[in-house]
Amino acid sequence: MKKKHKRKPQTLLSAFRTVVIVGLGLFFLLFIISVMIENDGEEQQTGRALSASALNYRDIIYEELAKSGQESLAPLVLSVMMQESGGRGDDPMQASESKCGEIGCIEDASESIAYGVSHFVDVLEAADGKTEVAVQAYNFGPGFIDFVEANGGAFSEDLAIQFSQEQFDQVDNPEIYRCIRPESEELDACYGDIQYVEAVYSYLPAAEAAYEENK
């Protein structure tokens, strides 16, 4: 019969190495977790980043709003611009349709901002200061304000979906409307952007910070 060899007791050096390896592993695991938590908190605090192009119009937006004493709306309007165009193009507020009923009639950024700001202020007033309703109406058109009033008076994404579905069902040529989101296509709600308010508000923390830095 073969003799069973007894295991040699683990040496002190080997045990020390094991402790060091386990300790380093735990350290890196905790480090990764802390970075993830920090980044998550930063994302919640700052929201989606603003483009350099949009930030270039920060002062112009403020000055246009100051004409009607509505300077406090500057971060929100800047967020609207981000969702509309990211600050790019000759019509960064995408105000042509509101002004002329067709795309492309505005070919100057200053004109776009002046009209876009004025239009947003008017829409907000028509919405009795309800910012979410006004923001969605900037995308859907003022008809959304009456629709909300006829359906409880408070904004909800469900109302945005319902309005979009009804408007999309009435268009003569649905093919001219591009479904912005997969959910819109699934719901037959391709008129405008049913998640426009959520998208605009995702830029708001960064926009507010931008104006704070500019003071």
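Here are legends for a set of close-up views of this predicted model.

**View 1. The largest nonpolar core and its best-connected members.** This core has 50 residues, and the ones touching the most other members are Leu-50, Ile-61, Leu-65, Val-77, Met-93, Phe-120 and Phe-144. Seven helices each put in at least two residues: helix 3 (58–66), helix 4 (74–84), helix 6 (109–126), helix 7 (131–140), helix 8 (143–149), helix 9 (157–170) and helix 11 (196–213). Helix 11 gives the largest share, with 9 residues. As a bit of background, nonpolar side chains tend to be buried together in soluble globular proteins.

**View 2. Phe-120 and the residues it touches.** Zoom in on Phe-120, one of the core members that touch the most others. Setting aside residues up to four places away in sequence, Phe-120 touches Leu-73, Leu-76, Val-77 and Val-80, and also Ala-134, Val-135 and Tyr-138.

**View 3. The buried side of helix 3.** Which residues of helix 3 are buried? They are Arg-58, Ile-61, Glu-64 and Leu-65. These four sit on the same side of helix 3, because they cover an arc of only 135 degrees around the axis. The spacing rule behind this sort of pattern is a familiar one: an α-helix has 3.6 residues a turn, so residues three or four places apart point the same way. As for what lies over the buried residues of helix 3, the cover includes helix 2 (52–55), helix 4, helix 6 and helix 11.

**View 4. Helix 4 crossing helix 6.** The two axes come within 11 Å and cross at roughly 120 degrees, which makes helix 4 oblique to helix 6. The crossing is right-handed. From helix 4, Leu-76, Val-77, Val-80 and Met-81 take part, and they meet Ile-113, Val-117 and Phe-120 of helix 6.

**View 5. Helix 7 crossing helix 11.** Here the axes come within 9 Å and the angle is roughly 110 degrees, so helix 7 is roughly perpendicular to helix 11. This crossing, too, is right-handed. On the helix 7 side, look for Thr-131, Glu-132, Val-135, Gln-136, Tyr-138 and Asn-139. Helix 11 answers with Tyr-196, Val-197, Val-200 and Tyr-201.

**View 6. Gln-94, a loop residue with a positive phi.** Gln-94 sits in the loop between helix 4 and helix 5 (96–100). Its phi is about 50 degrees, although Gln-94 is not a glycine. Is Gln-94 buried, exposed or partly exposed? With a relative accessible area of 39%, it counts as partly exposed. Beyond its neighbours within four places in sequence, Gln-94 is in contact with Glu-84, Ser-85 and Ser-112. You can also pick out Tyr-115 in this view: it is 21 residues away along the chain, and the C-alpha atoms of Gln-94 and Tyr-115 are separated by 9.7 Å.

**View 7. Asp-188, in the loop between helix 10 and helix 11.** Helix 10 covers 182–187, and Asp-188 belongs to the loop that leads on from there to helix 11. Asp-188 is not a glycine, yet it has a positive phi of about 55 degrees. It is partly exposed, with a relative accessible area of 48%.

Methods
Residues numbered from 1 in each chain as written. Predicted model: local features only at pLDDT ≥ 70, side-chain atom pairs only at ≥ 80, totals over all residues. Heavy atoms only, no water. Core = buried A, V, L, I, M, F, W, Y, C linked by side-chain atoms within 4.5 Å. Buried < 20%, exposed > 50% of the residue type's maximum accessible area, 1.4 Å probe, protein only. Contact = heavy atoms within 4.5 Å. Arc of directions from axis to C-beta. Axes fitted to C-alpha atoms, helices over the stretch in contact; angles between N-to-C directions. Parallel < 35°, antiparallel > 145°, perpendicular 65-115°, else oblique. Left-handed = near helix turned anticlockwise from the far one by under 90°.
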